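Work through the following exercises with the sequence and the model in view, and try each task before reading its solution.

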Amino acid sequence: MVTMRIVERPEIKGRHVQCISCGVNTRSHVLEIAEYEEYEEVWEDDEIEEYQARKKGSQEEDEEENIVIRYRLHTEQTCICHTCWLDKKAKAVKFLNKNKATWLEEGAIHLTRIKKFMSSWNYYHFGQELEESTQEDIDAIKNALLGLGEEE
Ligand SMILES: [Zn+2]
């Protein structure tokens, strides 16, 4: 038995899954990408895009020329619906506005909390279509983290 690789396939949109927050079926905002397990099959057939295969390279042994690499879903993607995403984003921006002055003045004291905030911010991809003032605040906090020797 050959151990097959686990791979990500970002070109595949993936199935609708339950929103992590409200449970509605969605694939609006992908938070964690699905993982697929590669396996080998010796025949070809029609299949849906998600499981489409590639052939083993021609440089492989002759006896393997008919082997096809296929994919089975290993870990489902994690998604949040747009409504919940907007709601969480609004809360994050509110939290940012409430704390930004303190964070910028006393970054070293609040380092753990700032890093957790930025980690969640990045996880949800909130950096899209920001109001200019929010973008400036985020940039200021990233710069402050860099000043403290912390990669964001
Ligand atoms: Zn939702």
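**Exercise 1. Describe the contacts and the overall order of elements.**

Take as a contact any two residues whose C-beta atoms, placed from the backbone, lie within 7 Å. Among contacts in the protein between residues at least 6 apart in sequence, 78% join residues at least 24 apart. This is a predicted model, in which local features need pLDDT of at least 70 and side-chain atom pairs count only at pLDDT 80 or more, while totals for chains, interfaces and linings use all residues. Residues are numbered from 1 along each chain as its sequence is written. With helices (H or I, at least four residues) and strands (E, at least two) taken as DSSP runs numbered from the N terminus, the protein has three helices and eight strands, and their order from the N terminus on is β-β-β-β-β-β-β-β-α-α-α.

**Exercise 2. Check the length of helix α3 and find which residues are buried.**

The expected span is 1.5 Å times one less than the number of residues; for the 16 residues of α3 (residues 132–147) this should give 22 Å, and the end C-alpha atoms are 22 Å apart, which agrees. Next, call a residue buried if 20 or more other C-beta atoms, placed from the backbone, lie within 10 Å of its own, exposed if 12 or fewer, and partly exposed in between. In α3, D137, I138, I141 and A144 are then buried. They lie on the same side of α3, because they cover an arc of only 120 degrees around the axis, taken from the directions from the helix axis to the C-beta atoms. The buried residues of α3 pack against α1 (82–105) and α2 (111–123), whereas E132, Q135, E136, D139, L146 and G147, on the other side of α3, are exposed.
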